[in-house]
Amino acid sequence: MGDDTTARAEPNIDDAQLRTTKPRTHATGWPAIGHSLQTGEEQMGAVRTARTLLGVNQVKGYDCMSCAWPDPEPSRRSPAEFCESGAKAVAEEATRRRVTPEFFAAHPVADLEGWDDYALGQQGRITHPMLLDAGDTHYRPVSWDRAFDVVKEEIDRLASPDEAVFYTSGRTSNEAAFAYQLLVRSLGTNNLPDCSNMCHESTTRALTQTIGIGKASVTIDDIEHADLILIAGQNPGTNAPRMLTRLENAKRNGGRIVAVNPLREAGLLHFDNPQSVRGLVFRGRQLADEFLQIRLGGDQALFQGLGKVLIELDAERGGGVLDRDFIEHYTEGFDHWRDQVAGVAWAEIELASGLREAQIRTVGRMVADAGSVIFAWAMGLTQHTNAVATIRDLTSVLLATGNIGKPGAGLLPVRGHSNVQGDRTMGIWEQMPKPFHDRLDAEFAFRSPREKGFDTVEALEAMHAGRAKVFMGLGGNFAKATPDTEATEAVLRTLDLTVQVSTKLNRSHVVHGRRALILPCLGRTEIDLQASGPQRVSVEDTVSAVHGSHGHLQPASPDLRSEVAIVTGIAERVLAGRPNAARADWAAMRDDYRVIRTHISHVVPGFEAYEEKLDVPGGFVLPHAPRDTRHFATNTEGGKDARARFTVNPLEYPHIPEGRLLLQTLRSHDQFNTTIYGKDDRYRGIHGARKVVLVHPEDLRDRGLAEGDLVDLVSEWTDGSERRAAGWRVVPYNTPRGNAAAYYPEANVLMPLGSTAKESNTPVAKAIVIRLEPAA
């Protein structure tokens, strides 16, 4: 079968085709298999689908480009070690559809601006580097040499390297990320915002303050052997479906699960494992033993309430609930934390959380009676104003019960995108610690900049202020992933140059600067052939396991280059003649990625003997001092005597004005981050539309609204400003009273840049005050 260059989606999809069904209570099963195979057949054909999917997450295969969930030991891996979301991601990367220069010649950029995200993404793989020069109406093909010259021309015009912004998405490999940060720091800036700034930055900040490292303190084996797992603000059925298998194993081993979420998500309640007879023929396995339907922003109150219960139970039982030995030997600040949470009134906890005292006491007893406890969370906790304080309070509960640094216990932030954690480990951060800079400088004989760079929100603010003029995105869809969509698109159009390293079309290609480049790259499924032969790359998952990835498909076009080749090619062109740049052999790094990994082994702790560790089937797990030795490298003076920290955090929660709702943004089951696979969200019973808002039936009745009515969502902010998202259909849904939900990225227009979490500067996407107005 030849390449299919025909577009498979109309430029505009009519959201008026909304159809609703009863939300599902079971995740996956036969429907997941059917949808996976259907998508594969449409994008790749039957033979290519089978060949490609059987290589996903295998030892000699390639790492899935969707979520960051860890792989089991090689001996325990299924031949089909992927989920429905991963199958869709693979299908769109390995698709036979192509976006050629002829496509761009036929479609002016002004016309493409009117296409929605789904239609853009469905066109297929970009085959050639493309340039939109100043005044052009169409992208046109350009040579790689000319593309690199354009980047050099615009960077050379800058008054300061700090006028350039270098963004990274989570898909980028360790090798490409390390080379990218070295390029950027050789230019003289730390402007390295990434997608972590918008998701788990609150986690990184809170965990670094409390246990000394901003990563999960559990292994995949711990998950299966925990006595109790509490999952808050995370929907594994849609966002990390392979997590369900580990939860099922935990239940089989006698573990219990508590689900905390404003919505009764199918993936929190019941799992029909599509790889087991029980899951396909019978009713699978119930997951949640307790479900707490919490109000948006009420999680901090829950964790303070749990702390309060544990303190009381320890007193009632004469000890044995709080781990006094652990508290004495490994922590500090316990007394202040105990006094603070003991003093919080139950009436306020109930008001903030929307839960009854009896519900929290039930879960508190479950924690007290469990020998090992894991707390797992994601964006539902991190994207609130009080997110950092909430995660500190969550951590304090585990510290009080000694549930860090022992089997089956610990902290589990579930990272959203494959290798988003590895990119940070490799130096993609605007404020890397001094030891990283010192080792980088020693390795490459230069002086890296030490001033803090821009995070994502700060980068946008700099663009608005005219202090940023060049933007480069290594993957991702910056225009749609960021908040304040209309303002973001407007400011991107003022830049001198936008550069997007991509596999497929997205909104960021049609929202461009005065000049714009699209640099098409290889995907993970594809053979990466360089001068020394086929290359492998490496990634780090959500529990700090690092492993290799080997593509096996022929590239979608002979004109594609790998991310490493693109980064090193730009570095050679842009850094030539700059006296303060790193002394790096960029050509050697491009020709053989082992050269990059050797540099990494000298700079990044835990990567010593990197190549040999990657050769081990399944890879290796990075050291984690709190997990491995109960050493907590916090900022406490004294080195080896550093202790984990209990913290005192005033209770905060959103207050909803009369007649208003509190909105959270979320994914549908038919998308991954900003990539839209379709217009259905079958778990929630939404079909044929994305511009929908889920509202409690009584809240709709109070507003005189009925299912399917068309409304505008108007967000309201403390500075008096408003933002409007026009033309959304209301859907009655089981949410807490006063709470609502809508899909991102479409709802990102409602968030201003200034609405961010304290300390982490993460956009507050889970607490947007809105009113509903009948659409004009």
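Visitor: What is the volume of the second largest cavity?

Guide: In this predicted model, the second largest cavity has a volume of about 240 Å³. Its lining is made of 18 residues, and those closest to its centre are Leu522, Gly523, Arg524, Asp528 and Val537.

Visitor: How many cavities of 30 Å³ or more does a search of the whole structure find?

Guide: The search finds three.

Visitor: And pockets? What is the volume of the largest pocket?

Guide: About 970 Å³. The largest pocket is lined by 31 residues, with Gly212, Ile213, Gly214, Lys215 and Pro433 the closest to its centre.

Visitor: Which helices supply at least two residues each to that lining?

Guide: Helices α9 (201-210), α22 (420-425) and α23 (434-444) each do so.

Visitor: Let us turn to the strands. In what order do the three strands of the open sheet stand?

Guide: The order is β21-β22-β23, and the pairing is antiparallel. Strands β21 (537-540) and β23 (620-621) are at the edges; each has a single partner strand, so one side of each lacks a neighbour in the sheet.

Visitor: How many bridges join β21 to β22?

Guide: There are four, and β22 covers residues 545-549. Within this pairing, Glu540 lies opposite Val546 of β22. Helix α8, residues 174-187, packs on the sheet and touches both β21 and β22. The direction of α8 makes about 90 degrees with that of β21.

Visitor: Next, cysteines. How many disulfides does the structure hold?

Guide: First the general idea: a disulfide is a covalent bond that links the sulfur atoms of two cysteines. This structure holds zero.

Visitor: Why is Cys83 not bonded to Cys67?

Guide: The cut-off for a disulfide is a sulfur pair within 2.5 Å. The closest cysteine sulfur to that of Cys83 belongs to Cys67 and is 5.6 Å away, which is too far for a bond. Cys195 is in no disulfide either, since its nearest cysteine sulfur, in Cys199, is 5.5 Å away.

Visitor: Are Cys83 and Cys195 buried or exposed?

Guide: A residue counts as buried when its relative accessible area is under 20%. Cys83 has 12% relative accessibility, so Cys83 is buried. Cys195 has 14%, so Cys195 is buried as well.

Visitor: Can a helix be read in the same way? How many residues of helix α3 are buried?

Guide: Helix α3 spans residues 84-93 and is mostly covered, with 10 of its 10 residues buried. Among them are Glu84, Lys88, Glu92 and Glu93, along with Ala87, Ala89 and Val90.

Conventions. Residues numbered from 1 in each chain as written. Predicted model: local features only at pLDDT ≥ 70, side-chain atom pairs only at ≥ 80, totals over all residues. Heavy atoms only, no water. Pairing = 2+ DSSP bridges. Contact = heavy atoms within 4.5 Å. Axes fitted to C-alpha atoms, helices over the stretch in contact; angles between N-to-C directions. Buried < 20%, exposed > 50% of the residue type's maximum accessible area, 1.4 Å probe, protein only. 1 Å grid on protein atoms, 1.4 Å probe; cavity = no way out; pocket = protein on both sides within 12 Å on 5 of 7 lines; lining within 4 Å. Points joined across faces, edges and corners; volume = space filled by probe spheres on them.
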